Amino acid sequence: MIELPLPRRLQAPSNLLHMFFRPEQFIARHAAAAPIHQVHMPGSSPWFTADPDIIDDVLVGRSKLFIKDRITRDLALVTGNGLLVSDGEFWRRQRRLAQPAFHRERIAGYADVMVEHAERLASTWREGQVLDIHAAMMRLTLDIVAATLFSSGVDRAIADTIGSSLDLIMARFSDPTYAFFPWLAGLPLPKNRRYAEARARIDGAIRGIIAARRASGRDEGDLLSMLLRARDDEGGQMSDEQLRDEAFILFVAGHETTALALSWTWMLLSQNPGAWDRLRAELDRVLGDRPPTLADVPALRYTDWVVHESMRLYPPAWSIGREALEDLELGGVPVPRGAQIWMFQWAAHRDPRHFPRPEAFEPERWDGDLARRIPRFAYFPFGGGPRLCIGNNFASLELVLVLATLARRWRPIVRPADRPRPQFSITLRPAGGMRATLQRR
């Protein structure tokens, strides 16, 4: 079938409709059309790429020639000027201040907390229980990030407030119309009102925790204590405003993306009983009847492959955006200053040149250290370059330990009829949740 090109005046609305209603096919088609090319949409004409070499050039080779894209910068209205959205010297200072809180040795100390919370959840489940497994993973990862970030400073009521407020905020930003019609945010719409109220609640909760910790002066051994104690080269500290912004980002990124990765993993394991059997065999061999510990992680190789393969097919962060600071060439194509560059993990992770049978869930493909044999940005669930996700080691450890803890005792089954479609918003959420039936191991 020959596709006739649409007139230029019809391309933008047509592309927007395709992006809304068939995002998987739209992204894949445009990513395969050329290494990089412009896609016309109402209010924006971003450049699409899933080419590992071009992405490497943007995120690493010439990273100083790019800043965050407009959509990401708009998130500052919610998150404040934290690591996710800030740029330039301010970002570099904040990164230096926050980095010690994410050293491997520090993160390793949170392993027991992760397992403890997963064990607590597993003890409440019942044979044959039907639940929204995505909602369960969101609650679990929120509890873990609250315990590791704020330690004893977050009781259940505060965590509930933060969790429900984050859900409302994410619902507002899950509506893609705001990305193309930002003026909608200024209208007195019910969604905007609920968003403002949720933002005020979470802002008040986090500021209250910071104020209480400053007043006590105690070192709780958590991430907040590390951030409070951090000093830059001139001896400066983060202000309460900066602490609030970074804590907000850590709350959102520290539980949203991890919960998504776990949710999609349960769905994929339900569809692939052979992979489930291999996972179960490894857990029986390595753990037996006990929960995992940090020392077990190197032996949980197949568990780690399952996590890698799940994030290949369903990357929680499905795209990354940058804006060009000057005229330049990418992949031999002239790209003007101000261009919005959209780089798609969703498409790159499905490139058959690097992943044979790209739509298949095959954890064993990661045997033999596949990540070192493919281009650096053929697989990049945590981004890359100087702005590699600061919490990538935290998330990787949590994913393996939580999956091993829960799968040792339970098998959540997502039936084909309940398989949700992916919702391409800020993150890759299961539209409408994910219904699962619990089966005891």
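Start by selecting R357, which counts as exposed at 53% relative accessibility. This is a predicted model, so keep that in mind as you click along. Now add E362: its closest N and O atoms to those of R357 are 2.8 Å apart, and the two form a salt bridge. Unlike the exposed R357, E362 counts as buried, at 15% relative accessibility.

**Step back to the whole chain**

Zoom out for a moment. The protein chain has 18 helices and 12 strands, and its C-alpha atoms fill a box of roughly 65 × 55 × 45 Å along the principal axes. The radius of gyration is 22 Å, in agreement with the value near 22 Å for a compact globule of 441 residues. Of those residues, 54% count as buried.

**Into the core**

Next, select W125, M137, F251, W266, L269, L330 and L406. These are the residues with the most contacts inside the largest nonpolar core, a set of 131 residues. Colour helix 14 as well, since this helix gives the most to the core, with 15 residues. In soluble globular proteins, nonpolar side chains tend to be buried together.

Which residues does L406 touch, leaving aside its neighbours within four places in sequence? Show its surroundings and you will find A118, L121, A122, W125, M137, L140 and W266 in contact with L406.

**A bridge across the sequence**

Move to R408, in the loop between helix 18 (392-407) and strand 9 (410-413). Is R408 buried or exposed? R408 is buried, with a relative accessible area of 13%. Its salt-bridge partner is E119, with the closest N and O atoms 3.2 Å apart. E119 sits in helix 8 (residues 111-124), 289 residues away from R408.

**Around helix 14**

Select R214 and D240, a salt bridge whose closest N and O atoms are 2.4 Å apart. The pair joins helix 12 to helix 14, across 26 residues. Both ends are partly exposed: R214 has a relative accessible area of 36%, and D240 comes to 37%. Then add D203, R207, E241, R244 and D245, which are linked in a network of salt bridges. Across the structure there are 29 salt bridges.

Helix 6 (residues 88-98) is the next stop, where W91, R93, Q94, R95, L97 and A98 are buried. They pack against helix 13 (223-229) and helix 14 (240-271).

**Finish on the surface**

Finally, select W183, L187 and L189, a nonpolar surface patch with about 290 Å² of accessible area together. L189 lies in the loop between helix 11 (177-180) and helix 12 (190-216), and is partly exposed at 31% relative accessible area.

Technical notes: Residues are numbered from 1 along each chain as its sequence is written. This is a predicted model: local features need pLDDT of at least 70, side-chain atom pairs count only at pLDDT 80 or more; totals for chains, interfaces and linings use all residues. Side-chain values use heavy atoms; hydrogens and water are left out. Buried means under 20% relative accessible area, exposed over 50%, partly exposed in between (1.4 Å probe, protein chains only). Helices (H or I, at least four residues) and strands (E, at least two) are DSSP runs, numbered from the N terminus. Contact means heavy atoms within 4.5 Å. A nonpolar core is a set of buried Ala, Val, Leu, Ile, Met, Phe, Trp, Tyr and Cys residues joined through side-chain atoms within 4.5 Å. Patches are made of residues with over 30% relative accessible area and no salt bridge: like charges are joined within 9 Å, nonpolar side chains (Val, Leu, Ile, Met, Phe, Trp, Tyr) within 5 Å. Accessible areas come from the Shrake-Rupley method with a 1.4 Å probe; for residues, only the protein chains shown count as cover. A salt bridge is a side-chain nitrogen of Lys or Arg within 4 Å of a carboxyl oxygen of Asp or Glu. The radius of gyration is taken over C-alpha atoms; the globule rule is 2.2 Å times the number of residues to the power 0.38.
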